[in-house]
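Work through the exercises below with the sequence and the 3D structure open. Try each task before reading its solution.

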Amino acid sequence: MSKTALITGASSGIGAVYAQRLAARGYDLVLVARRADRLSDLAARLQQDRSVSVRTIAADLSAETGMSSVETALRDQQIDLLINNAGMGPISSTADLSDEATAQTLALNITALTRLTRAALPGMRTRKSGTIVNIGSVLAFHALPVTSLYSATKAFVLTYSRGIQQEVAADGVHVQAVLPAGTITEFYDAAGVSIDNFDKSVFMTAEQLVDAALAGLDRGEEVTLPSVHDLDLWNTYDTARQNLFGGTQNGSPASRYAAA
Ligand SMILES: NC(=O)c1ccc[n+]([C@@H]2O[C@H](COP(=O)([O-])OP(=O)(O)OC[C@H]3O[C@@H](n4cnc5c(N)ncnc54)[C@H](OP(=O)(O)O)[C@@H]3O)[C@@H](O)[C@H]2O)c1
């Protein structure tokens with residue numbers, strides 16, 4: 001029996017490439033985004049070219065009705081692979097960001113990802129099989145004056161993924177956090193800043209990003225950094241993180257804070 005993948009944010013960019021690559025691997029698909037026309041076009045192409053079954057769900061994942069409709073799909077249908085990809089990243093200072101954009105970013109990047117993960121996990125744990133891919137960002141560990149909110153949401157994605165990995169390690173469920181750097185997609189249009197304002201030499205294509213992420217998944221990676229050539233950079237960072245946490249477990253104030 002063929003496996004089924006549910007991909008959020010499949011109407012463009014990274015999500016649309018995941019749809020193409022997973023269809024090529026024989027996955028049936030459930031494609032989620034707001035733009036129904038884009039999803040239908042992609043579904044028709046994949047059904048014709050790859051002979052896979054494709055269902056589309058037009059849903060706004062920053063709104064309650066959209067989130068709950070996709071939660072229902074995840075509970076009612078066996079989903080073997082969930083790609084939590086939909087995300088937005090307004091490029092703006094906190095002062096200039098509207099309340100509405102702030103709420104939408106938190107809802108889409110954090111609440112929807114959390115709720116869909118929670119909806120997918122019980123079935124996967126019962127079946128002792130399943131994969132969740134959470135698309136974060138290298139901004140998970142770096143904040144700029146115009147990315148405070150976005151960086152913080154992606155730090156959530158990384159930390160949440162790392163915790164869930166430990167929770168489900170014994171259940172046959174794999175969780176991969178993918179941390180892209182600049183990738184050429186419509187993301188920047190949606191963010192309100194043309195991609196032409198950026199140095200393209202540090203950008204890769206969505207195809208390169210997804211192919212690297214899938215190679216990392218095939219290798220069983222828990223955290224995949226497609227653009228990082230020297231893996232020691234990540235290993236050193238992650239070891240330092242663990243050592244820092246160890247250094248917090250003392251139960252007493254550090255001597256530098258002692259009263260003079
Ligand atoms: N591009 C980069 O440089 C970059 C770097 C690091 C991380 N990322 C991450 O990669 C992921 C994919 O982004 P992308 O680069 O492929 O950008 P994109 O081309 O703009 O794709 C974003 C996708 O998310 C969907 N989406 C946006 N708001 C939504 C909502 N409220 N409800 C449902 N779906 C929604 C969009 O579809 P609709 O508009 O049709 O709803 C679209 O399919 C995001 O999580 C992003 O944070 C991107």
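The exercises that follow deal with the sheet, two helices, the cores and some loop residues.

This is a predicted model, in which local features need pLDDT of at least 70 and side-chain atom pairs count only at pLDDT 80 or more, while totals for chains, interfaces and linings use all residues. Residues are numbered from 1 along each chain as its sequence is written, and side-chain values use heavy atoms, with hydrogens and water left out.

**Exercise 1. The sheet**

Find the order of the strands in the open sheet and name its edge strands.

Solution. Start with the terms. Helices (H or I, at least four residues) and strands (E, at least two) are DSSP runs, numbered from the N terminus. Two strands pair if DSSP finds at least two bridges between them.

Step 1: The open sheet has seven strands in the order 3-2-1-4-5-6-9, and the pairing is parallel.

Step 2: Strand 3 (54–58) and strand 9 (223–224) each pair on one side only, as edge strands.

Step 3: Check two of the pairs. Strand 1 and strand 2 run parallel and are joined by five bridges; L6 has V30 of strand 2 as its bridge partner. Strand 5 (residues 130–135) and strand 6 (residues 173–178) also run parallel, joined by six bridges, and I135 has V178 of strand 6 as its partner.

**Exercise 2. Strand 2**

How many residues of strand 2 are buried, and which way do they point?

Solution. Buried means under 20% relative accessible area, exposed over 50%, and partly exposed in between (1.4 Å probe, protein chains only).

Step 1: Six of the six residues of strand 2 are buried.

Step 2: D28, V30 and V32 point one way, whereas L29, L31 and A33 point the other way.

**Exercise 3. Helix 1 and helix 7**

Describe how helix 1 and helix 7 cross and name the residues in contact.

Solution. Axes are lines fitted to C-alpha atoms, for helices over the stretch in contact, and angles run from 0 to 180 degrees between N-to-C directions. Contact means heavy atoms within 4.5 Å.

Step 1: The two axes come within 9 Å and cross at roughly 55 degrees.

Step 2: Angles under 35 degrees count as roughly parallel, over 145 as roughly antiparallel, 65 to 115 as roughly perpendicular and the rest as oblique. Helix 1 and helix 7 are therefore oblique to each other.

Step 3: Helix 1 contributes G13, I14, V17, Y18, R21 and L22 to the contact, and helix 7 contributes A206, E207, L209, V210, D211, A213 and L214.

**Exercise 4. The cores**

Which residues have the most contacts inside the largest nonpolar core, and which element gives the most to this core?

Solution. A nonpolar core is a set of buried Ala, Val, Leu, Ile, Met, Phe, Trp, Tyr and Cys residues joined through side-chain atoms within 4.5 Å.

Step 1: The largest nonpolar core has 32 residues, and those with the most contacts inside it are I7, Y18, L22, L29, L31 and V133.

Step 2: Helix 1 gives the most to this core, with seven residues.

Step 3: A second, separate core of 28 residues includes A73, A107, A119 and I164.

**Exercise 5. Loop residues**

Is S51 buried or exposed? Is D171 buried or exposed?

Solution.

Step 1: S51 lies in the loop between helix 2 and strand 3. Its relative accessibility is 65%, so S51 counts as exposed.

Step 2: D171 lies in the loop between helix 5 (148–168) and strand 6. D171 has a relative accessible area of 13% and is buried.
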